[in-house]
Amino acid sequence: MPTPMLRADITIAGLSDLRRNFGQGQKILDTELKTAIWESARVIRADAKANAARFQVGPRLANSVQMRTLEGGLTAIVGSVAATAVSIEEGRKIGDTPKVGLIAAWMNRRGMVAQEAAAAGAVQSLKTHRVMKRGGKAVRRAQLHLAWKIAMAIGQRGTKPLPFIMPAIEHRRAEVGRIVNVGIGRALKRLTAVVGTRPVFH
């Protein structure tokens with residue numbers, strides 16, 4: 001997974017104390033918590049992808065939402081690797097002008113053809129809706145000029161936030177808590193079966 005431009009970390013508060021209370025059963029606890037953390041990240045990623053898909057900006061943003069684990073599986077990251085993820089999630093303030101190249105790439109993916117580019121031979125694909133035949137200098141110049149005008153307009157007006165990562169975290173917070181508690185319960189059951197007694201929590 002490439003480095004996310006926008007990310008949320010999933011961790012377990014008080015993990016050190018919890019592991020200490022399990023004593024020799026730490027490996028059992030860790031195994032169950034790794035499963036719980038992975039499942040929690042999977043649930044949050046699915047929610048974030050669904051949020052992104054609702055913005056109708058094409059599949060690229062939803063597909064950019066990825067997950068991975070750190071620290072041996074006891075921490076997970078859910079985030080977007082899209083270069084525009086932060087500006088989409090948080091919006092752009094007035095004066096925060098996007099890079100023209102990013103706008104031009106977005107235009108080409110969305111099938112936005114400048115009038116001068118169309119006259120120079122650029123067309124929109126009926127299958128993918130992307131801009132095709134854009135290799136000529138006249139097409140590139142026309143597309144960049146329109147991209148520059150769009151970027152300037154965004155810089156003058158800003159954009160509203162379209163959050164998709166953080167709402168997924170909040171929406172699934174209670175469910176993640178349940179998943180982790182079930183994992184701890186499984187660890188307690190396994191530990192009791194092995195040593196014949198449950199750990200004492202202080």
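In this predicted model, Arg19 touches Gln26, Leu29, Asp30 and Leu74, leaving aside residues up to four places away in sequence. Arg19 has its place in helix H1. One of its partners, Asp30, is 11 residues apart from Arg19 along the chain, and the C-alpha atoms of the two are separated by 8.0 Å. With all that company, is Arg19 buried, exposed or partly exposed? Its relative accessibility is 25%, so Arg19 counts as partly exposed, given that the middle class begins where buried, under 20%, leaves off.

Those contacts lead straight to the packing of two helices. Helix H1 (residues 15-22) packs against helix H2 (residues 26-53) at an angle of about 135°, and the two axes are 8 Å apart. H1 and H2 are therefore oblique to each other. On the H1 side the contact is made by Leu15, Leu18, Arg19, Arg20 and Phe22, while H2 brings in Gln26, Leu29, Asp30 and Leu33. Sorted by class, this contact of H1 with H2 has five nonpolar residues, one polar and three charged.

Leu18 is another residue of helix H1. Its relative accessibility is 13%, so Leu18 counts as buried. A long stretch of chain lies between Leu18 and Ile184, which are 166 residues apart in sequence, yet their C-alpha atoms are separated by 9.5 Å.

A second helix pair tells its own story. Helix H5 (residues 100-110) and helix H7 (residues 137-157) have axes that come within 8 Å and cross at roughly 115°. That crossing angle makes H5 roughly perpendicular to H7. As for handedness, H5 passes H7 in a right-handed crossing. H5 makes the contact with Val100, Ile103, Ala104, Met107 and Asn108, and H7 meets them with Gln143, Leu144, Leu146, Ala147, Trp148, Ile150, Ala151 and Ile154. What classes of residue make up the contact of H5 with H7? There are 11 nonpolar and two polar residues, and no charged ones.

Further along the chain, Val176 is found in helix H8. With a relative accessibility of 14%, Val176 counts as buried, because that value is under the 20% cut-off. Setting aside residues up to four places away in sequence, Val176 touches Ser40 and Ile44. Ala122 is another matter: it sits 54 residues apart from Val176 along the chain, and the C-alpha atoms of the two are separated by 48 Å.

The loops offer a couple of residues to look at too. Lys160 is placed in the loop between H7 and helix H8 (166-195). Its relative accessible area is 65%, so Lys160 is exposed. Between Lys160 and Leu61 there are 16 Å in space, C-alpha to C-alpha, and the two are 99 residues apart in sequence. Glu71, for its part, lies in the loop between strand S2 (65-70) and strand S3 (75-80). At 63% relative accessibility, Glu71 counts as exposed as well. What is the phi of Glu71? Phi is near 55° there, a positive value in a residue other than glycine.

Now for the chain as a whole. How many helices and strands does the protein chain have? There are eight helices and five strands. Read from the N terminus on, the elements run β-α-α-α-β-β-α-α-α-β-β-α-α. Why does the protein chain count as more spread out than a compact globule? The radius of gyration is 24 Å, well over the 17 Å that the globule rule gives for 202 residues, so the chain is more spread out than a compact globule. Along its principal axes, the C-alpha trace spans about 80 × 35 × 25 Å.

Two whole-chain figures round off the picture. Of the 202 residues in the protein chain, 37% are buried; Leu18 and Val176 are among the buried ones. As for contacts with a separation of 6 or more, 70% of them in the protein chain are accounted for by residues 24 or more positions apart.

Methods:
Residues numbered from 1 in each chain as written. Predicted model: local features only at pLDDT ≥ 70, side-chain atom pairs only at ≥ 80, totals over all residues. Heavy atoms only, no water. Axes fitted to C-alpha atoms, helices over the stretch in contact; angles between N-to-C directions. Helix = DSSP H or I, 4+ residues; strand = E, 2+ residues; numbered from the N terminus. Parallel < 35°, antiparallel > 145°, perpendicular 65-115°, else oblique. Left-handed = near helix turned anticlockwise from the far one by under 90°. Contact = heavy atoms within 4.5 Å. Nonpolar A, V, L, I, M, F, W, Y, C, P; charged D, E, K, R; others polar. Rg over C-alpha atoms; globule rule 2.2 N^0.38 Å. Buried < 20%, exposed > 50% of the residue type's maximum accessible area, 1.4 Å probe, protein only.
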